[in-house]
Every structure is written in structure tokens, then in C-alpha cells.
Amino acid sequence: MNISGIHHVAIICSNYEKSKQFYTKVLGLPIIEETYREERDSYKLDLQLPDGTQIELFSFPDAPVRPSYPEAQGLRHLAFKVEDVEESVAELLDKGISVEPIRVDSLTGKKFTFFMDPDGLPLELYEV
């Protein structure tokens, strides 16, 4: 097997329009394609990250809530690389997004912090 990276991360949201606004306007991710699948009554929104990785944002009617905090099994969080954590935090705060205090990774010495998407999915900013 020759894995060369992550192609995409899929997220199922509870409110499609609210999540679309968050990921495109707050985080500034450009839309690759938006598809409505009538047979599923579901939207699929493909979003582009600068390194080529994609986020697939889905809406499904009556999708069950997945416990994610505190420390439930499964995907723990999604981390975004940023050059300047302080600058990124200031942008989020200007847009009304609550952000945890900036911390320093004791293993790498790098700064990081967490915030939540509209469904409470933990998102991390990690300084590279």
C-alpha cells in the first residue's frame, strides 16, 4: 500500500445551510461542487483546502446525533494547519466564534487551540 495523504474528510451536519455558511464564510473554504441528491433528500458539498484535501459536507434527514465530547470513541477532532494561531484566533473571534485559550503542545512545542463547528464537532488550529 502506498498512501500519499488524506483525500477528504466527510462530515454529516444537522443544519446544512448553517454548516455551509460556517465552512465557506467563517473558515473561507471554496466550494468545488454542490450536489442535491433527490432520492436521499440530501446535499453534498465538496470544499477545497489549500493542500488539495477536501471536506465533504453532507445533510441527511433525521441523522442521529453522535456523542463526541468528552473523549468518546471514534474521530476525536479535525485539525487545520495554520501559520499563525494568534492571527487565526483573532479572525474567528471577529466572526463571533468562541475559541479555547491557545496552548502549547508539550511534545512538539507548537501552538494550538480548539473551536467548534455548528454541530459541536471539535476543530483544531495547529501552528506549523
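Trainee: Which residues does Gln54 touch, and what makes each of these a contact?

Mentor: Leaving aside residues up to four places away in sequence, Gln54 touches His7, His8, Val9, Ile32, Asp46, Leu47 and Gln48. Each is called a contact because heavy atoms lie within 4.5 Å, which is the definition of the word. Please keep in mind that this is a predicted model, in which local features need pLDDT of at least 70 and side-chain atom pairs count only at pLDDT 80 or more, while totals for chains, interfaces and linings use all residues. Residues are numbered from 1 along each chain as its sequence is written, and side-chain values use heavy atoms, with hydrogens and water left out.

Trainee: Why is Gln54 called buried?

Mentor: Gln54 has a relative accessible area of 17%, and buried means under 20% (exposed is over 50%, partly exposed is in between, with a 1.4 Å probe and protein chains only). The value of 17% therefore makes Gln54 buried. Gln54 belongs to strand S4, residues 54–59, where a strand is a DSSP run of E with at least two residues, a helix is a run of H or I with at least four, and both are numbered from the N terminus.

Trainee: What makes Ser19 buried as well?

Mentor: The relative accessible area of Ser19 is 1%, so this residue also counts as buried. Ser19 sits in helix H1, residues 16–26, and touches Cys13, Leu57, Pro118 and Asp119, again not counting residues up to four places away in sequence.

Trainee: Are Asp41 and Asp62 buried, partly exposed or exposed, and why?

Mentor: Asp41 has a relative accessibility of 44%, so it counts as partly exposed, whereas Asp62, at 79%, counts as exposed. Asp41 lies in the loop between strand S2 (31–37) and strand S3 (42–48), and its phi is near 50 degrees, a positive value in a residue other than glycine. Asp62 lies in the loop between S4 and S5, with a phi near 60 degrees, which is also positive in a residue other than glycine.

Trainee: How do you know that strands S6 and S7 pair?

Mentor: Two strands pair if DSSP finds at least two bridges between them, and strand S6 (residues 103–104) and strand S7 (residues 111–116) have 2 bridges in the antiparallel sense, so the condition is met. Within this pair, Arg103 has Phe112 of S7 as its bridge partner. The hairpin of S6 and S7 has 6 residues between the strands, and Gly109 there takes a positive phi near 75 degrees.

Trainee: What makes S7 and S8 a pair?

Mentor: S7 and strand S8 (residues 122–127) are joined in the antiparallel sense over 5 bridges, and Phe115 has Leu123 of S8 as its bridge partner. These strands form a hairpin with 5 residues between them, and Gly120 in the turn has a positive phi of about 85 degrees.

Trainee: How does the lining of the second largest pocket divide into nonpolar, polar and charged residues, and what makes a residue nonpolar?

Mentor: The lining divides into 16 nonpolar, 4 polar and 4 charged residues. Ala, Val, Leu, Ile, Met, Phe, Trp, Tyr, Cys and Pro count as nonpolar, Asp, Glu, Lys and Arg as charged, and the others, Gly among them, as polar. The largest share of this lining, 5 residues, comes from S5.
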